[in-house]
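Biologist: Could you take me on a close look at the side-chain contacts that involve the segment before the first strand? I would enjoy a connected account, with the reasoning spelled out wherever a cut-off matters.

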Amino acid sequence: MAEPVEPSRYDAFDMLATMVAVVRFDGALLFVNSMFENVAGVSRRALMRSSLFDWFADSALLRETLTAVARNEIATGRFDGVMRRSPVAAHEQLPVHVIVTQIEPGADRVLIELLEIEQQTRQDREERALGQVQANKELIRNLAHEIKNPLGGIRGAAQLLEMEVDSRELTEYTQVIIHEADRLQALVDRLLAPHRKPHVVSDVNIHEVCERVRSLILAEFPRGLTVLRDYDISIPTSAATASS
């Protein structure tokens with residue numbers, strides 16, 4: 001086996017949570033980091049007297065990838081394999097995702113990173129979830145922008161209509177349109193600027209709420225619907241607010 005490379009060149013790899021090894025194209029281990037040492041359960045000195053091929057249940061894909069990198073056919077290769085936790089105990093196996101990376105063109109060694117399949121799956125899932133969140137945010141922003149323009153037109157048309165009608169009943173309908181457009185506008189603004197402070201609901205007289213609901217119902221059923229109102233006028237504003 002080859003003499004190990006001076007460890008100071010690769011000390012930073014000991015800080016990684018994945019297994020890292022530096023090997024020659026013949027499989028000779030020149031360096032392994034602490035995680036590789038922990039998973040293998042063998043000292044670093046003993047590991048570097050072995051070949052990386054000894055630590056794989058089937059080293060064919062590893063050999064092929066190393067050969068391709070050695071010939072400069074690829075700079076990086078990936079594949080799934082099965083790593084032995086012991087070179088002599090075939091039943092102690094660990095599924096891993098292997099990444100073979102060329103350190104520099106023409107170099108006689110490559111960098112190999114081994115990720116447990118479960119860990120790789122978790123990382124992929126987290127990346128997909130993050131991507132989905134970003135896509136949803138972009139969709140919401142686009143949708144909010146598309147809603148804002150017609151809302152302004154609806155509100156403006158309702159205001160113009162209110163100026164033309166003389167009927168108090170019709171004026172109530174235009175007020176419903178204007179208030180609902182304003183409410184939707186406030187909702188769209190919160191969607192476009194989620195960093196703002198959360199909306200705090202202020203005190204509201206319950207009678208005003210009931211009247212608002214009545215106006216909405218009458219707007220939906222302009223014919224043949226009668227709403228009977230029976231409010232307790234003795235309830236003061238503060239009590240009506242508290243009851244809401």
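Modeller: Happy to! Let me begin with the rule for charged pairs: a salt bridge is a side-chain nitrogen of Lys or Arg within 4 Å of a carboxyl oxygen of Asp or Glu. Counted this way, there are seven salt bridges in what is, please keep in mind, a predicted model.

One of them starts in your segment. Asp-14 pairs with Arg-44, and their closest N and O atoms are 2.9 Å apart. Asp-14 belongs to the segment before strand E1 (19-24) while Arg-44 belongs to helix H2 (residues 44-47), so this salt bridge ties together parts that are 30 residues apart in sequence. The two partners also differ in their surroundings: Asp-14 has a relative accessible area of 25% and is partly exposed, whereas Arg-44, with 18%, is buried. The cut-off explains the split, because buried means under 20% relative accessible area. Asp-14 and Arg-44 are also linked with Glu-37 in a network of salt bridges.

The segment has an aromatic side as well. By the ring-pair rule the model holds three aromatic pairs. In one of these, Tyr-10 and Phe-31 have ring centres 5.3 Å apart and 35° between the planes, a tilted arrangement. Since Tyr-10 lies in the segment before E1 and Phe-31 in strand E2 (residues 29-32), the pair ties together parts that are 21 residues apart in sequence. Both Tyr-10 and Phe-31 are buried. Phe-31 has a second ring partner, Phe-13: here the centres are 6.2 Å apart and the planes meet at 50°, so this pair is tilted too. It again links distant parts of the chain, with Phe-13 in the segment before E1 and Phe-31 in strand E2, 18 residues apart. The label "tilted" follows because planes under 30 degrees apart count as stacked, over 60 as edge-to-face and the rest as tilted. Tyr-10, Phe-13 and Phe-31 form one aromatic cluster, and the accessibility of Phe-31 is 1%, which counts as buried.

Further along the segment before E1 comes Thr-18. Thr-18 is buried, with a relative accessible area of 9%, and its side chain makes a polar contact of 2.7 Å with the side chain of Glu-113.

Now for strand E1 itself, where another salt bridge joins Asp-108 and Arg-24, at 3.9 Å from N to O. That value still qualifies because the limit is 4 Å. Asp-108 sits in the loop between strand E4 (89-102) and strand E5 (109-116), and Arg-24 in strand E1, so to speak a long-range link, with their positions 84 residues apart in the chain. Asp-108, at 36% relative accessible area, is partly exposed, and Arg-24 is likewise partly exposed, at 28%.

For contrast, here is a local salt bridge: Arg-183 and Glu-180 meet at 2.7 Å, N to O. Both lie in helix H5 (residues 168-192), three residues apart, about one turn of the helix. Arg-183 is exposed, at 51% relative accessibility, while Glu-180 is buried, at 16%.

One last contact brings charge and ring together: the charged end of Arg-63 sits over the ring of Phe-53, 3.9 Å from the ring centre.

Note on methods. Residues are numbered from 1 along each chain as its sequence is written. This is a predicted model: local features need pLDDT of at least 70, side-chain atom pairs count only at pLDDT 80 or more; totals for chains, interfaces and linings use all residues. Side-chain values use heavy atoms; hydrogens and water are left out. Helices (H or I, at least four residues) and strands (E, at least two) are DSSP runs, numbered from the N terminus. Buried means under 20% relative accessible area, exposed over 50%, partly exposed in between (1.4 Å probe, protein chains only). Rings of Phe, Tyr and Trp (its six-membered ring) pair if their centres lie within 6.5 Å; planes under 30 degrees apart count as stacked, over 60 as edge-to-face and the rest as tilted. A charge sits over a ring if NZ of Lys or CZ of Arg is within 6 Å of the ring centre and within 35 degrees of the ring normal. A polar contact is a pair of N or O atoms within 3.5 Å; within protein, one must be able to donate a hydrogen and the other to accept it, and residues adjacent in sequence count only if both atoms are side-chain atoms.
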